[in-house]
Amino acid sequence: MNRTLSLSLLLTTVLLGSACARASEEAASSPASATATASPVAVTAGATIDPELPLAIVHKTASCGCCGVWADHLKAAGFAVEIRDTDDMHPVKQRLGVPAGKASCHTAEIGGYVVEGHIPASDIKRLLKERPTARGLVLPGMPAGSPGMEMPDGHVQPYTVELVLADGSTQPFARHGQGV
């Protein structure tokens with residue numbers, strides 16, 4: 001790949017990540033009032049909805065680009081996705097029981113579970129298959145190379161998806177990235 005194109009892709013990834021980080025920070029510090037709008041269910045070109053999978057309701061701020069890319073990842077994996085843009089993510093995270101310090105830029109409701117952050121669809125499918133007694137899955141922050149945060153060179157920062165137990169504590173659920 002030529003150097004200019006590579007640098008452009010990297011800059012785009014960094015800018016998207018920065019916008020998502022700002023959206024996440026703003027959500028954590030904004031007041032409790034929120035407005036939300038739902039967008040119709042859409043499917044990525046070539047993707048087929050798997051009728052066995054539950055609807056994924058994705059809560060995000062309208063300006064978050066990486067959240068939309070993650071939603072496209074779910075669509076490509078067969079999930080029907082409904083996007084709900086909101087001005088304030090804090091009440092959503094609080095209502096769904098996202099533990100303190102485990103937030104990311106978007107929050108989804110899938111099959112009775114909370115799914116926080118850039119979690120791979122394969123981990124969500126495993127959760128739905130195993131159906132543990134838990135609140136859901138969290139992936140704090142926005143690890144480079146996770147779905148929606150892909151790097152132009154294919155690099156995946158090591159990260160751990162955590163299972164949120166009923167009491168709000170967490171334990172490792174899946175590990176991803178270099179050297180895993």
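**Close-up 1. The side chains of K102 and E162 form a salt bridge in this predicted model.** The N-to-O distance is 2.9 Å. K102 sits in the loop between α3 and β4 (107-110), and E162 sits in strand β7, so the pair ties together parts that are 60 residues apart in sequence. E162 has a relative accessibility of 12% and counts as buried, because the cut-off for buried is under 20%.

**Close-up 2. V161 is placed in strand β7.** The strand covers residues 159-165. V161 is buried, at 0% relative accessibility. Leaving out residues up to four places away in sequence, V161 touches I119, P120, D123, L137, V138, L139, Q171, P172, F173, A174 and H176. P172 also gives a backbone distance to check: its C-alpha is 6.2 Å from that of V161, with the two residues 11 apart in sequence.

**Close-up 3. K60 pairs with D85 in a salt bridge.** The closest N and O atoms are 3.0 Å apart. K60 belongs to strand β2 (residues 56-60) and D85 to strand β3 (residues 81-86), so this pair ties together parts that are 25 residues apart in sequence. K60 counts as buried, with 8% relative accessibility.

**Close-up 4. Within helix α2, K75 and D72 are 3 residues apart.** The helix spans residues 65-76, and the spacing of the two residues is about one turn. Their side chains meet in a salt bridge, 3.6 Å from N to O. Is each partner buried or partly exposed? K75 is buried, at a relative accessible area of 9%. D72 is partly exposed, at 36% relative accessibility. The cut-off explains the labels: buried means under 20%, so 9% qualifies for K75, while 36% for D72 does not.

**Close-up 5. K93 makes a side-chain polar contact with E116.** The two side chains come to 2.6 Å. K93 lies in helix α3, which runs over residues 90-96. K93 is buried, with 9% relative accessible area. Which residues does K93 contact, leaving aside its neighbours within four places in sequence? They are V98, A103, S104, C105, H106, T107 and E116. E116 is therefore both a contact of K93 and its side-chain polar partner, with K93 itself buried.

**Salt bridges in the model.** The count comes to 7 salt bridges. Among them are K102 with E162, K60 with D85, and K75 with D72.

Conventions: Residues numbered from 1 in each chain as written. Predicted model: local features only at pLDDT ≥ 70, side-chain atom pairs only at ≥ 80, totals over all residues. Heavy atoms only, no water. Helix = DSSP H or I, 4+ residues; strand = E, 2+ residues; numbered from the N terminus. Buried < 20%, exposed > 50% of the residue type's maximum accessible area, 1.4 Å probe, protein only. Polar contact = N/O pair within 3.5 Å; in protein donor to acceptor, adjacent residues only side chain to side chain. Contact = heavy atoms within 4.5 Å. Salt bridge = Lys/Arg side-chain N within 4 Å of Asp/Glu carboxyl O.
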